[in-house]
Amino acid sequence: MESIYYVMTWLCHRRCDHCYEDRFRPYHGDELARVVDESIRNFPHVIANFPEEMTFLDPAGAVEHSRFPIRRGRVILAGGEILLDPVREPVLYPAMELLADKYRHRGGVKLIVQTTGDVLTERIIEELVEHHVWLISVSGIDAYHAGLEQESARARLCDKLTGMFESLGLHHFGPVAEGTREAPDEGHWYHFFGATPDSWIGKLWPRGRADENELSTAGITDNFCNRWSGGLNFLQYRYSGSEVSIDPAGNVFPCCLKTRLPIGNLLEERLEAILDRLTGHPVYEAISMGHPERMGITRGWSVEKFLEKSAQLLPSGRVYRNLCVGCDRFHEEILADPTLVTIRQ
């Protein structure tokens with residue numbers, strides 16, 4: 001598979017207004033222990049059910065009369081904030097070692113650690129390199145993060161981090177988007193991105209606190225499903241362009257936003273088995289083709305009905321429309337029906 005986005009913890013030191021997931025927040029006391037224990041308990045079993053190889057076929061790289069080249073895939077380890085003290089050493093570092101060992105003689109793997117960036121130190125960067133990091137992806141460079149509202153503040157953080165990265169032998173390359181797939185396999189790299197207007201996530205997903213605070217500017221024609229980190233091509237896991245998202249409980253989703261219901265759980269079965277079972281299923285094939293508006297056609301939901309269901313009333317009284325809203329409603333009203341639970345099982 002080309003990419004697995006593994007959210008290893010709900011723990012975060014921030015509670016950003018634009019966040020798509022309410023569970024990304026600070027935890028304390030018994031709640032903190034519960035969240036950390038979940039990550040520690042689950043990650044070895046989740047990784048055990050990852051694909052046997054993290055490689056994929058790249059049709060775009062083929063030349064006439066030759067086979068599709070085999071590329072090295074990646075695992076993105078994220079939170080929340082995965083570099084916080086309660087989870088960095090007991091969860092992240094052993095997971096990185098486990099992944100490096102699993103794929104060392106099976107084509108390798110690119111390990112990406114995603115962080116907001118404001119907790120990074122030289123020592124943590126050194127430790128990430130020691131634990132086989134390929135790319136440190138700094139994702140909090142935008143005005144939504146407290147303390148970074150001004151461009152000058154964001155520039156200061158980037159300059160500070162760049163100095164640390166470069167002094168420790170890491171190299172910079174372009175914006176995140178889909179360019180990550182073009183970086184060299186070897187070496188240690190870093191880059192910066194955030195929810196800026198010019199970025200792939202700039203319009204914000206209509207979910208979580210971004211939805212509650214009415215911050216998403218994505219309309220009905222903004223199809224998050226039909227792009228990288230959406231559901232596009234998730235079922236074609238042997239080829240380029242496929243990614244799935246996994247949460248701390250081992251639940252698997254076809255997109256980073258996460259559908260209302262998971263498609264399976266890696267504490268119970270292998271990832272390939274989950275995806276193979278859904279191949280040919282009309283609902284999930286529609287998602288994989290980037291056409292969520294067609295996911296309900298065999299269940300009595302025409303495209304017109306899906307578009308009608310893609311509207312919601314915001315707290316301000318304003319009507320908001322996006323295909324992700326329709327996807328949520330379909331999962332709640334149709335796929336959550338007890339008579340259809342066997343489809344997912």
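How much space lies in the largest pocket? The answer is about 750 Å³. Keep in mind as you read that this is a predicted model. Here is a friendly tour of the chain as a whole, then of its pocket and its cavities.

**The overall fold**

- The protein chain holds 10 helices and 13 strands.
- With a radius of gyration of 20 Å, close to the 20 Å that the globule rule gives for 345 residues, the chain is as compact as a globular protein of that length.
- Measuring along the principal axes, the C-alpha trace spans about 60 × 55 × 45 Å.
- Buried residues make up 54% of the 345 in the protein chain.
- Take the contacts between residues at least 6 apart in sequence: 65% of them join residues at least 24 apart.
- The chain's accessible surface is about 15100 Å², and carbon and sulfur atoms account for 52% of that area.

**The largest pocket**

- To recap, the largest pocket offers about 750 Å³ of space.
- Its lining is made of 41 residues, and those closest to the pocket centre are Tyr5, Gln114, Ser139, Phe193 and Ile201.
- Three elements give two or more residues to this lining, namely β4 (74–78), β5 (110–115) and β6 (135–138).
- Sorted by class, the pocket lining comprises 20 nonpolar, 14 polar and 7 charged residues.

**The largest cavity**

- The count of cavities of 30 Å³ or more comes to 2.
- The largest cavity has a volume of about 190 Å³.
- Around the largest cavity sit 24 lining residues, with Phe224, Cys225, Cys255, Leu257 and Cys324 nearest its centre.
- Helix α9, which covers residues 323–335, gives the most to this lining, contributing 4 residues.
- By class, the lining of the largest cavity splits into 13 nonpolar, 6 polar and 5 charged residues.

**The second largest cavity**

- The second largest cavity contains about 30 Å³ of space.
- Its lining can be named in full: Pro206, Ala210, Asp211, Glu214, Leu215, Ser216, Leu314, Arg318 and Tyr320.
- In this lining, 5 residues are nonpolar, 1 is polar and 3 are charged.
- The charged residues here are Asp211, Glu214 and Arg318, while Ser216 is the polar one.

Definitions and conventions
Residues are numbered from 1 along each chain as its sequence is written. This is a predicted model: local features need pLDDT of at least 70, side-chain atom pairs count only at pLDDT 80 or more; totals for chains, interfaces and linings use all residues. Side-chain values use heavy atoms; hydrogens and water are left out. On a 1 Å grid over the protein atoms alone, a cavity is a set of points where a 1.4 Å probe fits but cannot get out, and a pocket is an open set with protein on both sides within 12 Å along at least five of seven lines; lining residues have an atom within 4 Å of a point. Grid points are joined across faces, edges and corners, and a volume is the space filled by probe spheres set on the points. The radius of gyration is taken over C-alpha atoms; the globule rule is 2.2 Å times the number of residues to the power 0.38. Buried means under 20% relative accessible area, exposed over 50%, partly exposed in between (1.4 Å probe, protein chains only). Contact means heavy atoms within 4.5 Å. Accessible areas come from the Shrake-Rupley method with a 1.4 Å probe; for residues, only the protein chains shown count as cover.
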